[in-house]
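Work through the exercises below with the sequence and the coordinates at hand. Each task is followed by a solution in steps.

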Amino acid sequence: MWRHGPGEPALLERGGSRRSYLRWKRIQDVALSLLALAVLWPLLLIICLLVVADDPRGGPIFRQERVGRGGRSFQMYKFRTMCVDAEARLEELSPLNEMNGPIFKMREDPRITRVGRFLRKTSLDELPQLLNVLRGEMSLVGPRPPLPREVAQYTLYEWQRLSVTPGLTCYWQVRPDRYALSMGQWVALDLMYIQERCLRLDWQLMLQTVGTMVRGSGQ
């Protein structure tokens, strides 16, 4: 059963099994994020140095306002992959948007730096979001958090993506043809995850994401 309204859950949560899943999902998020940060900190430091060396005009970490569960805003962290004036140049590039709907995607975005292109291809630019996971603003698995300007254009159907905690990865991230998908197909995948989610599915998506990173199929 679905609800169609900002701030309301798209899928009504019922039963102890769902509550148990959410509790274990949070435990899993915290444990795996702490483990990943403990193991990967040398790599994170190296990436910071490479980002600054490639474009010393800005710092290595990019903070951006995103929209999470129920329409609540938070600051999402990423390794900086674009030039420092990337946001100011967005309007001039908007006619070249390769996605329909409110999301901007462009394969050959001229704002992306040399190191940034590698980080995006391997999805390493997303690693700082492990801090967002620890803070409870994100989960390891869930729909990607949208920008406020994207949410401002959402229909009631698209608002359903915000019924759960956003994540680092989901169905869209592991699709080899993800950049050929329409906004409607992307939303449909997210809603399918919301309906089907369980710990087994979360682990499947996390393992598939590792494979995607190794293959370097990001953009």
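**Exercise 1.** Which residues on the other side of helix 8 are exposed? Set them against the buried residues of this helix.

Solution. The model is a predicted one.
Step 1. Locate the element: helix 8 covers residues 199-215, which is 17 residues. From first to last C-alpha, helix 8 reaches 25 Å, close to the 24 Å expected at 1.5 Å a residue.
Step 2. Collect the buried positions of helix 8: Leu 201, Asp 202, Leu 205, Met 206, Thr 209 and Thr 212.
Step 3. Look down the axis of helix 8: its buried residues fall within an arc of 135°, so they line one face of the helix. The spacing fits a general rule: an α-helix has 3.6 residues a turn, so residues three or four places apart point the same way.
Step 4. Turn to the other side of helix 8, where the exposed residues are Arg 200, Leu 207, Val 214 and Arg 215.

**Exercise 2.** How many aromatic pairs does a search of the whole structure find? Describe the geometry and the setting of each.

Solution.
Step 1. The search of the whole structure gives two aromatic pairs.
Step 2. Tyr 171 and Tyr 193 pair edge-to-face, with 6.5 Å centre to centre and 80° between the planes. An angle over 60 degrees counts as edge-to-face.
Step 3. Place these rings in the chain. Tyr 171 lies in the loop between strand 4 (167-169) and helix 7 (183-196), and Tyr 193 lies in helix 7, so the pair ties together parts that are 22 residues apart in sequence.
Step 4. Check burial against the cut-off of under 20% relative accessible area. Tyr 171 counts as buried because its relative accessibility is 15%; Tyr 193, at 1%, is buried too.
Step 5. Trp 172 and Trp 186 form a stacked pair, at 4.1 Å centre to centre and 5° between the planes. Trp 172 is in the loop between strand 4 and helix 7, whereas Trp 186 is in helix 7, 14 residues apart. Both Trp 172 and Trp 186 are buried.

**Exercise 3.** Which residue lies over the face of Trp 172?

Solution. Arg 178 does, at 5.2 Å from the ring centre. This is inside the limit of 6 Å for a charge over a ring.

**Exercise 4.** What is the volume of the second largest pocket, and which element gives the most to its lining?

Solution.
Step 1. The volume of the second largest pocket is about 200 Å³.
Step 2. This pocket is lined by 12 residues, and the closest to its centre are Leu 22, Lys 25, Arg 69, Ser 139 and Thr 165.
Step 3. Helix 1 (residues 16-54) gives the most to the lining, with four residues.

Terms used: Residues numbered from 1 in each chain as written. Predicted model: local features only at pLDDT ≥ 70, side-chain atom pairs only at ≥ 80, totals over all residues. Heavy atoms only, no water. Helix = DSSP H or I, 4+ residues; strand = E, 2+ residues; numbered from the N terminus. Expected span 1.5 Å × (residues − 1). Buried < 20%, exposed > 50% of the residue type's maximum accessible area, 1.4 Å probe, protein only. Arc of directions from axis to C-beta. Phe/Tyr/Trp six-rings, centres within 6.5 Å; stacked < 30°, edge-to-face > 60°. Lys NZ or Arg CZ within 6 Å of the ring centre and 35° of its normal. 1 Å grid on protein atoms, 1.4 Å probe; cavity = no way out; pocket = protein on both sides within 12 Å on 5 of 7 lines; lining within 4 Å. Points joined across faces, edges and corners; volume = space filled by probe spheres on them.
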